[in-house]
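Biologist: Let us look at a protein together and test the words used for it. I will ask, and you will give the reasons.

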Amino acid sequence: MKRRDMLRTARKPAVEGEPHAVDRHVGRQIATVRVQSDVSQGQLARAIGISFQQLQKYENARNRVSASMLYEIATSLGVPVSRFFEGLPGNDSSRDQAQPLPVDERLEFIASAEGRRLIEGLMNLPQRVRGRVSSLIAMLGEELALADKKGEGEAAGEAAPVDRRAF
């Protein structure tokens, strides 16, 4: 490896003030591991001694995570610190073949302000109503997927019957 290649750093964000791509990746990985571990932002924040708002900022890459904090997060979630860097180009032995992990749109939505508002609103509903809202959303998604398969012209015509027993 040439000396100048060893000193090469990642590109700076295109717009000053935007989070660095690595910070975004690490934040998404923290959110991914946390959700996979079935741990809420509040639970993880309490375990590592920060506010849940600060954890949100880490997950959204609005604030950078220090090495010591990343260690605390990894320890709390029971994963090695390296887990948060998996998928970054140049982070493994096959440097030229490494591709970033695909972004899980669900996690990005959950971490967004809109997603947090939706979840907070759902949590304020009684359990039975939440189940019904969840069924409704699932059915809407199925209807939209079916409409996409049929094509725009046919979808605009007659709607598929809805099983009202689910409500």
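Biologist: What percentage of the 167 residues of the protein count as buried?

Modeller: This is a predicted model. In it, 21% of the 167 residues count as buried. The cut-off for that word is under 20% relative accessible area.

Biologist: Why does Arg34 count as buried?

Modeller: Set the value against the cut-off. Arg34 has 6% relative accessibility. Buried means under 20%. Therefore Arg34 counts as buried.

Biologist: Where is Arg34 placed, and what is Arg34 in contact with, leaving aside its neighbours within four places in sequence?

Modeller: Arg34 sits in helix α2. Leaving aside those neighbours within four places, its contacts are Val39, Ser40, Gln41, Leu44, Leu55, Glu59 and Leu77. Contact here needs heavy atoms within 4.5 Å.

Biologist: Which secondary structure does the protein have?

Modeller: There are nine helices and zero strands. From the N terminus on, the order reads α-α-α-α-α-α-α-α-α.

Biologist: Why are α2 and α4 called oblique to each other?

Modeller: Start with the angle. Helix α2 covers residues 21–36 and helix α4 covers residues 52–59, and they pack at about 120°. Roughly perpendicular runs from 65 to 115 degrees, and roughly antiparallel needs over 145. The angle of about 120° fits neither class, so α2 and α4 are oblique to each other. Their axes are 7 Å apart.

Biologist: Which residues meet where α2 packs on α4?

Modeller: From α2 come Gly27, Arg28, Ile30, Ala31 and Arg34. From α4 come Leu55, Tyr58 and Glu59. By class, this contact has four nonpolar, one polar and three charged residues. Gly counts as polar in this scheme.

Biologist: What makes up the lining of the second largest pocket?

Modeller: The lining has 15 residues. Those nearest the centre are Arg34, Ser40, Gln41, Ile110 and Ile119. The elements giving two or more residues are α2, α3 (41–48), α4 and α7 (113–123). Helix α7 gives the most, with four residues. A residue belongs to the lining if an atom lies within 4 Å of a pocket point.

Biologist: How many residues of each class are in that lining, and what is the volume of the second largest pocket?

Modeller: The lining divides into six nonpolar, five polar and four charged residues. The volume of the second largest pocket is about 420 Å³.

Biologist: What share of contacts between residues at least 6 apart in sequence join residues at least 24 apart?

Modeller: In the protein, 50% of those contacts do.

Technical notes:
Residues numbered from 1 in each chain as written. Predicted model: local features only at pLDDT ≥ 70, side-chain atom pairs only at ≥ 80, totals over all residues. Heavy atoms only, no water. Axes fitted to C-alpha atoms, helices over the stretch in contact; angles between N-to-C directions. Parallel < 35°, antiparallel > 145°, perpendicular 65-115°, else oblique. 1 Å grid on protein atoms, 1.4 Å probe; cavity = no way out; pocket = protein on both sides within 12 Å on 5 of 7 lines; lining within 4 Å. Points joined across faces, edges and corners; volume = space filled by probe spheres on them. Buried < 20%, exposed > 50% of the residue type's maximum accessible area, 1.4 Å probe, protein only.
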